[in-house]
Amino acid sequence: LEELNSAVLTFFLVGFVFLTILLLLLESLFFTLVAKPLQRLSNHFKKIRQGEKPLRPFKAEERDDEIGRLVKEFNALAIYLEGVQRELEKSLAVLQTMVDSITDPLALISKDCEIILENNAFKNWKEKECAKELIEEVLEEKKAKTRYYEGKGGKIYNIHVYPVFEKRNEVEKAIILVEDITERKKMEERMFLLEKYASLGQIAAGIAHELNNPLSGMLLIVKELQKDNLSTDEKLQYLSLLYEGMLRVQSILRELLQFSRAEEVKAETIDLVDVLEKSLGLISHLISKNGVELKKDYESDRIWVKGDAKKLGQVFLNLILNAIQAMEADAQKSLTIKVKAEREHAVVSISDTGPGIPEELKLKVFEPFFTTKPPGQGTGLGLTVALAIIQKHQGDLWFETSSSGTTFYVKLPLAKQNKNEA
């Protein structure tokens, strides 16, 4: 029995040792044939993912087992991805070339104001502005916006921000285009002044008439004051009338000087009706002299907008003068001016009963230096300047015409504050 127990124990120990050696051999074989190649393959793609290695196939010994087939599949995938990567790099290079060919600064920016893609003009732009506030507005409202920006050295820019839509209509990025409008603004200012001074000649007759009336009265009063038989009360009455006449002359000259001054656009809360009335006052003599029937239809006594009263006055003056001139050959002349509020905008319409604008000239109306007036009576810049001014006010200017007359419309944003606050 003891010999049997000893034999069993020996057999067990020998079997245990054999199994242990076998397991170690199997483990070593598994590590060599399976685990080690998989680990090398994993490390290879891990380094590719981390950018430490280029996207290349994994080099390994040819094998006909499952591991060999797995490596072949991974390598085939790597070769495909390498080709896709090359195509993407080519496309990116073409895209970068196209972007760099744009002379205005252009960039693709994330919502955190990180530059994803930019052209050379944006890199070299000395006044890089992320316009974070504007980007936030675009991301929230999901629509393009433009902001006027005054830079250093007298440079003036329009910064345009466009939303980039992704899945589920979300906006995570934005495109910024910086437009240098310095020269254009200078040209517009020169055009504005040129047309303004051209308009001065057209209203000179009305101003002379306005001045002639009070001056004639003042001359008569001075002659009366030279008489010796006037009582103290009569002298005081004449002096009072003389003072009123002087105030009237001063008021006319002040309005003319304000009209002729060159000033920057000032965005203030102004009464649109008051601006129209002042423009009409400057040419009231021309309206009556030409036998024009004036009709006014104002939705309210006061309609508040955000803008520059002087420059808007120049626009309305130009449109009214054009309307009067369009009816010169008509027996019945009617000028209708309407003002109404539509949602967030005020709309002014100026209508005449002239022959209308011919079909072949409609597309040329807003072109610089285009005019149908005889030489010396117009520069052809009036409507071009008017359109530029209205666009600076974030508004719009357009017209409708037929054989029975023409109507020009001016659309301007209403001021945020209501009438009582204004």
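## Close-up legends

**View 1. K296 and its partner E277.** K296 is partly exposed, with 45% relative accessible area (buried means under 20%, exposed over 50%, and partly exposed in between, using a 1.4 Å probe and protein chains only). What you're looking at is a predicted model, in which local features need pLDDT of at least 70 and side-chain atom pairs count only at pLDDT 80 or more, while totals for chains, interfaces and linings use all residues. Residues are numbered from 1 along each chain as its sequence is written, and side-chain values use heavy atoms, with hydrogens and water left out. The side chain of K296 meets that of E277 in a salt bridge, 3.1 Å from N to O; the term stands for a side-chain nitrogen of Lys or Arg within 4 Å of a carboxyl oxygen of Asp or Glu. This links distant parts of the chain, as E277 sits in helix α7 and K296 in strand β7 (residues 292-298), 19 residues apart. Helices (H or I, at least four residues) and strands (E, at least two) are DSSP runs, numbered from the N terminus. E277 is partly exposed too, at 30% relative accessibility.

**View 2. Salt bridges around α4 and β3.** Counted by the salt-bridge rule, there are 11 salt bridges. One of them pairs R147 with E137, with 3.2 Å between the closest N and O atoms. R147 belongs to strand β3 (residues 145-150) and E137 to helix α4 (residues 132-141), so this pair ties together parts that are 10 residues apart in sequence. R147 is partly exposed, with a relative accessible area of 31%, and E137 is partly exposed as well, at 21%. Look also for E141 and K145, which form a salt bridge with their closest N and O atoms 3.2 Å apart. E141 has a relative accessible area of 39%, so it counts as partly exposed. Salt bridges with shared partners join E141, K143 and K145 into one network.

**View 3. The largest nonpolar core, seen around F316.** A nonpolar core here is a set of buried Ala, Val, Leu, Ile, Met, Phe, Trp, Tyr and Cys residues joined through side-chain atoms within 4.5 Å. This one has 42 residues, and F316, V348 and I350 touch the most other members. Among the elements that each supply at least two residues are α7 (272-282), α9 (309-326), β10 (345-351) and β12 (405-413). Helix α9 makes the largest share, with 9 residues. Leaving aside residues up to four places away in sequence, F316 touches L272, V275, L276, S279, V348, I350 and V410 (contact means heavy atoms within 4.5 Å). Another core, of 16 residues, lies apart from the largest one and includes I109, F122, A131 and L134. As a general point, nonpolar side chains tend to be buried together in soluble globular proteins.

**View 4. Strand β12 and its two neighbours, β10 and β11.** Of the 9 residues of β12, 7 are buried, so the strand is largely enclosed by the rest of the structure. β12 pairs with β10 in the antiparallel sense over 7 bridges; two strands pair if DSSP finds at least two bridges between them. β11 and β12 also run antiparallel, joined by 7 bridges, and they form a hairpin with 2 residues between them. To get your bearings, find E400 opposite T407 in β12.

**View 5. K411 up close.** K411 sits in strand β12, where it is the bridge partner of V347. K411 has a relative accessible area of 29%, so it is partly exposed. Apart from residues up to four places away in sequence, K411 touches H345, A346, V347, I390, G395, D396 and W398. The C-alpha atoms of K411 and A346 are 5.7 Å apart, although 65 residues separate the two along the chain.

**View 6. A nonpolar patch on the surface.** L9, F12, L13, F16, V17, I21 and L25 make up this patch, with about 730 Å² of accessible area together. Areas come from the Shrake-Rupley method with a 1.4 Å probe, and for residues only the protein chains shown count as cover. Patch residues have over 30% relative accessible area and no salt bridge; nonpolar side chains (Val, Leu, Ile, Met, Phe, Trp, Tyr) are joined within 5 Å, and like charges within 9 Å. L25 lies in helix α1 (residues 2-49) and counts as exposed at 54% relative accessibility.
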